[in-house]
Amino acid sequence: MACSRCPHHVRHGHLAVDRKTIEFTDRCGLKMRQGKEEPCDKIPFQNGFNYMECGVYQFTFKSAGQRNDCNATSDLNFAELLSSTPLAEMELL
């Protein structure tokens, strides 16, 4: 997926030292969630930027295995494990 920016990019505003203006900084929302005050190092986003290749994104959303695995239904051994109930016999919720 080629995006022009990261969906976790945050323009964080805070009160300036003069206490009359607001200063904005570019931050990574994932780093902020971890309690880090580091700025996003990918700014400005390049053309064809893919946020899923970012190390912070991969560390935050890492998993032990693939979450969207699917099983083939044409396998006879798998089909025997399924118990089907006709829709007409289901109880109403």
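**Entry 1: I22 and strand 2.** I looked up I22 and found it in strand 2, which covers residues 22–28. The model I am reading is a predicted one. Next I checked whether I22 is buried or exposed. Its relative accessible area is 55%. Exposed means over 50%, so I noted I22 as exposed.

**Entry 2: the patch.** I then asked which residues form a nonpolar patch on the surface with I22. They are L15 and F24. I wrote down about 320 Å² of accessible area for L15, I22 and F24 together.

**Entry 3: the core.** I turned from the surface to the largest nonpolar core. It has nine residues in all. I listed the cysteines C6, C28, C40 and C54, then L30, and then the aromatic residues F45, F49, Y51 and Y57.

**Entry 4: contacts of C40.** I picked C40, one of the core residues, and left aside its neighbours within four places in sequence. What does C40 still contact? I found D26, R27 and C28. C28 is also on my list for the core.

**Entry 5: the whole protein.** I counted three helices and two strands. Along the sequence I read the pattern β-β-α-α-α. The protein has 93 residues, and 17% of them count as buried. I also looked up the exposed area, which is about 8200 Å². Carbon and sulfur atoms supply 54% of that area. Last, I took the contacts with a separation of 6 or more: 39% of them are between residues 24 or more positions apart.

Key:
Residues are numbered from 1 along each chain as its sequence is written. This is a predicted model: local features need pLDDT of at least 70, side-chain atom pairs count only at pLDDT 80 or more; totals for chains, interfaces and linings use all residues. Side-chain values use heavy atoms; hydrogens and water are left out. Patches are made of residues with over 30% relative accessible area and no salt bridge: like charges are joined within 9 Å, nonpolar side chains (Val, Leu, Ile, Met, Phe, Trp, Tyr) within 5 Å. Accessible areas come from the Shrake-Rupley method with a 1.4 Å probe; for residues, only the protein chains shown count as cover. A salt bridge is a side-chain nitrogen of Lys or Arg within 4 Å of a carboxyl oxygen of Asp or Glu. Helices (H or I, at least four residues) and strands (E, at least two) are DSSP runs, numbered from the N terminus. Buried means under 20% relative accessible area, exposed over 50%, partly exposed in between (1.4 Å probe, protein chains only). A nonpolar core is a set of buried Ala, Val, Leu, Ile, Met, Phe, Trp, Tyr and Cys residues joined through side-chain atoms within 4.5 Å. Contact means heavy atoms within 4.5 Å.
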